[in-house]
Structure formats: C-alpha cells, structure tokens
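Please look through the sequence and the model shown here before reading on. The paragraphs after it walk through selected contacts and elements one at a time.

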Amino acid sequence: ADPGPLSIVSSGAISANLPIHLQQSTQFITTNANITLGSVNSYAANPLVTYNLGINAGTGVVTTGDIGTKIPVYDVSIIGAGNFALPNITTAGGYISIQPSIVLIAADRSLKTTALGFTGNIIDIGSSVEGPFGLSLDGGSAGDVHFYGALGGTTAVSSVNVLNSRDLYVGASWNIGTGGVSFNNLGTLTLGPSGSPILLTSSGP
C-alpha cells in the first residue's frame, strides 16, 4: 500500500539528476525555481505498487529523464515554465497532466496510460507542442487525450499517432510534418471551441 505522499519542498532549485525509485507517492515542489530529475520509476517490489509523481516548479524549468518506462508510476502531474523537454512517460492506469509548453528534442516521444493491462486514463497537454519529432499517445479505452495548445506552430511536429482514446480534444491548430497524423481506436474527435479557426495541416501522405 502507498503510505501517502512524500513532499520534497525547496525555496531554491532541486537537482537530482540520477535514477529515482519511488516507494511512495512523491511531490517535488519549489518556489519558482528549477527542478532537475533523472529517470523516475516505481520501486520493484512483489506485489507491485505504483506511485504518484507530482512536479511543481512554478515559473521554474522542469527537466526529467523518462518516467515509468521501466516500472510504471501511477499519476504524473508536471507544472513549470515553458519549453519542457518531453521525456517518455508511462503510467499504470493513472492520468498524465503536463501544463508547460513542450519541445520535442532528439527523438520521438510516447505518452501511455495503459501499462500492466489497465484501460487507461486522461492525457492532458495544457499548452503548445513544438519540435521536429513524433508524438505517440495512448489514453486507452477509458481515457481521453486533450490538446489545449497548438502543435507545430513554429516548428512542425513530424508525426502524431493517437493509438487509443475515448475522446480526442483538439483546442488549437496543428502543423504536422511528413509522418502525418493517425487515429486508431478513437471514440470521438472534438474540435474547439478555440475562439479562432482550427487548421489541421500535414505534409505527410
């Protein structure tokens, strides 16, 4: 069982750029200062328990390694300044919420809420996404995928693949490169309202 949230709070920056294994739900919080973490996974135990991860840097910058890709975490919430270099994130039936604007750097990225056979949960992308790489999202049959900001407004995102989602919400325009856009096992697609025209543009086949 989860013994409850552990809070690591600092008025300055938090730097722990090394592998992190969670044995209880954990929050990293600063007063508008940077947070730097290495990879984050739940602790290997039998029976396996997955844990929540909260990161709140206020107006500071958040940098992390991959989250939950070796042993999934449960929920992930990230708050911070813009230009968050997106890692791969995997949860076991918990939500993923990312509020800062995202940049895709160095490689394609994946967000998945269906590890360990769970039916998924909400993936919330609260701001814009930029960068010349691909983005894959799996919200599962029980989860929605929400994009509140533009994709590829300055630099086209090379591809977007929504593998599973109960509903896909698009709140602003998309500019997608040659990899194109694919929706698989999608329940419904909701466009807007954004207050301005929404354009879904792709240079792919």
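What follows treats strand pairing, a salt bridge, aromatic pairs and a surface patch in turn.

The model is predicted, and a convenient place to begin is an open sheet of 3 strands, which has the order E10-E13-E16 and parallel pairing. Strand E10 (84-85) and strand E16 (129-130) stand at the edges with a single partner strand each, so one side of each has no neighbour in the sheet. Between E10 and strand E13 (residues 102-103), which run parallel, there are 2 bridges, and Ala85 stands opposite Val103 in E13.

Turning to charged contacts, side chains of opposite charge can pair when their charged atoms come close. A search of the whole structure finds 1 salt bridge, formed by Arg166 and Asp144, whose closest N and O atoms are 3.0 Å apart. Because Arg166 belongs to strand E19 (residues 157-170) while Asp144 sits in the loop between strand E17 (134-138) and strand E18 (145-147), the pair ties together parts that are 22 residues apart in sequence. As for accessibility, Arg166 is partly exposed at a relative accessible area of 44%, whereas Asp144, at 12% relative accessibility, counts as buried.

The structure also holds 3 aromatic pairs. In one of them, Phe147 and Trp174 meet edge-to-face, with 5.2 Å from centre to centre and 75 degrees between the planes; this pair links distant parts of the chain, since Phe147 lies in strand E18 and Trp174 in strand E20, 27 residues apart. Phe147 counts as buried at 0% relative accessibility, and Trp174 is buried too, with a relative accessible area of 3%. For Tyr148 and Tyr169, the ring centres are 5.4 Å apart and the planes stand at 45 degrees, so the pair is tilted. Tyr148, in the loop between E18 and E19, and Tyr169, in strand E19, are 21 residues apart, and their pair likewise links distant parts of the chain. Here Tyr148 counts as partly exposed at 43% relative accessibility, while Tyr169 is buried, with a relative accessible area of 15%.

Ring pairs further link Phe147, Trp174 and Phe183 into a cluster, and Phe183 leads on to the surface, where Val181, Phe183, Leu189, Leu191 and Leu200 make a nonpolar patch of about 400 Å². The elements that give two or more residues to this nonpolar patch are strand E20 (174-183) and strand E21 (186-191). Val181, which lies in strand E20, counts as partly exposed at 37% relative accessibility.

Note on methods
Residues numbered from 1 in each chain as written. Predicted model: local features only at pLDDT ≥ 70, side-chain atom pairs only at ≥ 80, totals over all residues. Heavy atoms only, no water. Salt bridge = Lys/Arg side-chain N within 4 Å of Asp/Glu carboxyl O. Helix = DSSP H or I, 4+ residues; strand = E, 2+ residues; numbered from the N terminus. Buried < 20%, exposed > 50% of the residue type's maximum accessible area, 1.4 Å probe, protein only. Patch = residues over 30% accessible without salt bridge, like charges linked within 9 Å, V, L, I, M, F, W, Y side chains within 5 Å. Areas by Shrake-Rupley, 256 points an atom, 1.4 Å probe, with all protein chains shown as cover. Pairing = 2+ DSSP bridges. Phe/Tyr/Trp six-rings, centres within 6.5 Å; stacked < 30°, edge-to-face > 60°.
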